[in-house]
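I opened this model to look up its fold, its cysteines and a few surface positions. My notes follow in the order I ended up reading them.

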Amino acid sequence: MTDENPTPVDPARVLAALEVLGWPDDRADPATAPAPLDECDYPLGLHWKLAEDVIRAADAASSEQHVIEFRADGWTIQHPLSCRPNLFDCPVNRAAERGMAGLDGPPAPPGRYACALGSPEEPGGDWFYIGDRVDQDEVPTNG
């Protein structure tokens, strides 16, 4: 990232990213810094800074949108990162469970759809709204 004052990243998230990426925590120990490539010296903390950048990029790319996927064998909801700590308390998930209860099959053809509480015209509320179909690589824009 080129931002002079980047958004701080929770160190626990950085440590988790380092572990997933297989990178060392090289903040303080020169022995864990990567070996030089083409005789260039890597600064101490390079992996840490790169992991922070990865997290910031993922956060920026993530949508606050929920997406429901209907399959022949049921449905599942893709939650935004903001929901992940408390998935079972997510009001969209609870509304979907109420809305899907008692149905013989999915209310729409198999695929992925934007979903939310309320509707684009009347957001909020506690009823479940199924929006436009979205392709695998699209980010939903309504709902």
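Contacts. I started with contact range, keeping in mind that this is a predicted model. Of the contacts between residues at least 6 apart in sequence, 43% join residues at least 24 apart.

Fold. I then listed the secondary structure. The chain has three helices and four strands. Read from the N terminus, the order is α-α-β-β-α-β-β.

Burial and surface. I looked up the overall burial next. The chain has 143 residues, and 30% of them count as buried. The exposed area is about 9,500 Å². Carbon and sulfur atoms supply 53% of that area.

Cysteines. I asked myself how many disulfides the structure holds. The count is zero. I went through the sulfur distances with the cut-off in hand: a disulfide needs two cysteine sulfur atoms within 2.5 Å. For Cys-83, the nearest cysteine sulfur belongs to Cys-90 and is 3.8 Å away, so with that cut-off Cys-83 is in no disulfide. Is Cys-83 buried or exposed? Its relative accessibility is 14%, and because buried means under 20%, Cys-83 counts as buried.

I repeated this for Cys-115. Its nearest cysteine sulfur is again that of Cys-90, here 8.3 Å away, and Cys-115 is in no disulfide. Cys-115 has a relative accessibility of 1% and also counts as buried.

Nonpolar patch. I turned to the surface and asked which residues make the nonpolar patch of about 270 Å². They are Val-20, Leu-21 and Val-54. I followed up on Leu-21, which lies in helix α1, residues 11-21. Leu-21 has a relative accessible area of 37% and is partly exposed. A patch residue needs over 30% relative accessible area, so the value of 37% for Leu-21 meets that condition.

Loop position. My last entry is Pro-43. I wanted to know where Pro-43 is found. Pro-43 sits in the loop between α1 and α2, the latter spanning 46-61. The relative accessible area of Pro-43 is 47%, and because partly exposed runs between 20% and 50%, Pro-43 is put in that class. I also noted its distance to Arg-27: the two residues are 16 apart along the chain, and their C-alpha atoms are separated by 9.6 Å.

Technical notes: Residues are numbered from 1 along each chain as its sequence is written. This is a predicted model: local features need pLDDT of at least 70, side-chain atom pairs count only at pLDDT 80 or more; totals for chains, interfaces and linings use all residues. Side-chain values use heavy atoms; hydrogens and water are left out. Helices (H or I, at least four residues) and strands (E, at least two) are DSSP runs, numbered from the N terminus. Buried means under 20% relative accessible area, exposed over 50%, partly exposed in between (1.4 Å probe, protein chains only). Contact means heavy atoms within 4.5 Å. Accessible areas come from the Shrake-Rupley method with a 1.4 Å probe; for residues, only the protein chains shown count as cover. Patches are made of residues with over 30% relative accessible area and no salt bridge: like charges are joined within 9 Å, nonpolar side chains (Val, Leu, Ile, Met, Phe, Trp, Tyr) within 5 Å. A salt bridge is a side-chain nitrogen of Lys or Arg within 4 Å of a carboxyl oxygen of Asp or Glu.
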